[in-house]
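User: I am new to this structure and would love a close look at one part of it. Could you walk me through the pockets?

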Amino acid sequence: MNNIHFSLVQDRRGMMWDLLLYVPTVIALLSMVAKLWYGGDVSLAYLFSFLACFFFIAGANRILKTRLMILPNAPVAIEIGGQATRVLMRNGDSVELLKDLRVFPDYSGRSFGLAGLDKSGQRVQFVFHKGQFRSVQDFQEIQRLLKTH
């Protein structure tokens, strides 16, 4: 089997949806923090500030890594070969998934997870979105190839 290469592109439409999800959530949590802090319930304010930080970090990671592919460890391409599936990163590194390769499609059909064991036996996981592929056919084809690989 020859290596099949899929290059990924930035998903700006998905980024907008993520911004519409995470920005109001973080703002709402921070406003609750201010209300609770000045209302005298400091313990609950700490809890909501933790949640606001968590959602901010999760949203920033999702947008910068999977949607815009700006972070150094963001996947930029996938190669499916005879012995391994390779995920190429922005910083030039690559991760070869050698065994126990699993594909986890979501119910809506807009993304899928890819997990497997690398050379050192570590389990690694990646999430890919439909908007990261040049066409819907590429998105469907890579899932089909990964399931049969």
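How many nonpolar, polar and charged residues are in the lining of the second largest pocket?

Analyst: Happy to help! By class, that lining holds 4 nonpolar, 4 polar and 2 charged residues. Here Ala, Val, Leu, Ile, Met, Phe, Trp, Tyr, Cys and Pro count as nonpolar, Asp, Glu, Lys and Arg as charged, and the others, Gly among them, as polar.

Before going on, a word on the source. This is a predicted model, in which local features need pLDDT of at least 70 and side-chain atom pairs count only at pLDDT 80 or more, while totals for chains, interfaces and linings use all residues. Residues are numbered from 1 along each chain as its sequence is written, and side-chain values use heavy atoms, with hydrogens and water left out.

A pocket is found on a 1 Å grid over the protein atoms alone: it is an open set of points where a 1.4 Å probe fits, with protein on both sides within 12 Å along at least five of seven lines, and lining residues have an atom within 4 Å of a point. Its volume is the space filled by probe spheres set on the points, which are joined across faces, edges and corners.

The second largest pocket encloses about 210 Å³. Its lining consists of Ala58, Asn61, Arg62, Lys65, Thr66, Pro75, Gln125, Phe126, Val127 and His129. Helix H2 and strand E7 are the elements giving two or more residues to this lining, and H2 has the largest share, 5 residues. Helices (H or I, at least four residues) and strands (E, at least two) are DSSP runs, numbered from the N terminus.

Now for the largest pocket, with about 410 Å³ of space. Of its 15 lining residues, Asp11, Gly14, Trp17, Arg67 and Arg110 lie nearest the centre. Helix H1 (12-39), H2 (42-67) and E7 (123-129) each supply at least two lining residues, and H1 gives the most, with 5. By class, this lining has 3 nonpolar, 4 polar and 8 charged residues.

Asp11 is worth a pause. It sits in the loop between strand E1 (4-7) and H1. Asp11 counts as buried because its relative accessibility is 6%, and buried means under 20% relative accessible area (exposed is over 50%, partly exposed in between; 1.4 Å probe, protein chains only). A polar atom of the Asp11 side chain lies 3.0 Å from the backbone nitrogen of Gly14. Setting aside neighbours within four places in sequence, Asp11 is in contact (heavy atoms within 4.5 Å) with Arg67, His129, Gly131 and Gln132.

Note on methods. Polar contact = N/O pair within 3.5 Å; in protein donor to acceptor, adjacent residues only side chain to side chain.
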